[in-house]
Amino acid sequence: MPDIQNVRIDGTSATLQLTAVPSLDYFPGHFPGLAILPGIVQVDWVIRLAREHLGIPCAGFSALRVLKFSAPILPATKLSLQIDWLPEKQRLDFAYRARQRPMSSGQIVFAMRAAA
């Protein structure tokens, strides 16, 4: 997991300030000669951090939508991560930024829960 410096919660939204620590096992080997944070790790962090800080009840994963990687996240990059939970759609919207520059964004959709 990244090094988290600050978390701000506002209802179903969270804004986190974090650093992609250079010692993370994810950096080496993704691309030969270029240490970048893999997209699947970025998505995994969103899900884990949303569960931890927003308490979202993620059922089963359903889909990734409008996934965009605008710039690579390199070791030691300081990031802002915005996560918005839309419970009526069972969807997480997220955006990583570094110094206001978009790094990646997308939507993570979960299977709708059956009515009890």
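Strands β5 (residues 91-98) and β6 (residues 101-110) pair in the antiparallel sense over 8 bridges, in what is a predicted model. To find the register of this pair, look at Arg 91: the residue opposite Arg 91 in β6 is Val 109.

Now follow the chain from β5 into β6. Arg 99 sits in the loop between these two strands, and Gln 100 is found in that loop as well. If you like to check backbone torsions, both are worth a look. Arg 99 has a phi near 50 degrees, which is positive although the residue is not glycine. For Gln 100, also a residue other than glycine, phi is positive too, near 70 degrees. Are these loop residues buried or exposed? Arg 99 has a relative accessibility of 85%, over the 50% cut-off, so it counts as exposed. Gln 100 reaches 68%, so it is exposed by that cut-off too.

Let us step back to the whole sheet. Strands of a sheet pair through backbone hydrogen bonds, in a parallel or an antiparallel way. Here 6 strands form an open sheet with antiparallel pairing, and the order across it is β1-β2-β4-β5-β6-β3. Why do β1 (3-10) and β3 (61-69) each have one side without a neighbour in the sheet? These two strands stand at the edges and have a single partner strand each, so one side of each is left open in this way. On average, neighbouring strands of the sheet are turned by 15 degrees against each other, direction ignored.

Helix α1 (residues 39-54) lies across β1, β2 (13-19), β3, β4 (78-86), β5 and β6. The helix runs at about 115 degrees to β5.

Where a side chain of β6 meets another part of the chain can be seen at Ser 104, which is found in strand β6. Its relative accessibility is 3%, under the 20% cut-off, and therefore Ser 104 counts as buried. The side chains of Ser 104 and Gln 42 are joined by a polar contact of 2.5 Å. Leaving aside neighbours within four places in sequence, the contacts of Ser 104 include Gln 42, Lys 68 and Phe 69. Ser 70, Phe 94, Ala 95 and Tyr 96 are also among them.

One more loop completes the tour. Pro 87 is found between β4 and β5, and with a relative accessible area of 38% this proline is partly exposed. Pro 87 and Met 112 are 25 residues apart in sequence, and their C-alpha atoms are 9.6 Å apart in space.

Methods
Residues numbered from 1 in each chain as written. Predicted model: local features only at pLDDT ≥ 70, side-chain atom pairs only at ≥ 80, totals over all residues. Heavy atoms only, no water. Pairing = 2+ DSSP bridges. Helix = DSSP H or I, 4+ residues; strand = E, 2+ residues; numbered from the N terminus. Axes fitted to C-alpha atoms, helices over the stretch in contact; angles between N-to-C directions. Contact = heavy atoms within 4.5 Å. Buried < 20%, exposed > 50% of the residue type's maximum accessible area, 1.4 Å probe, protein only. Polar contact = N/O pair within 3.5 Å; in protein donor to acceptor, adjacent residues only side chain to side chain.
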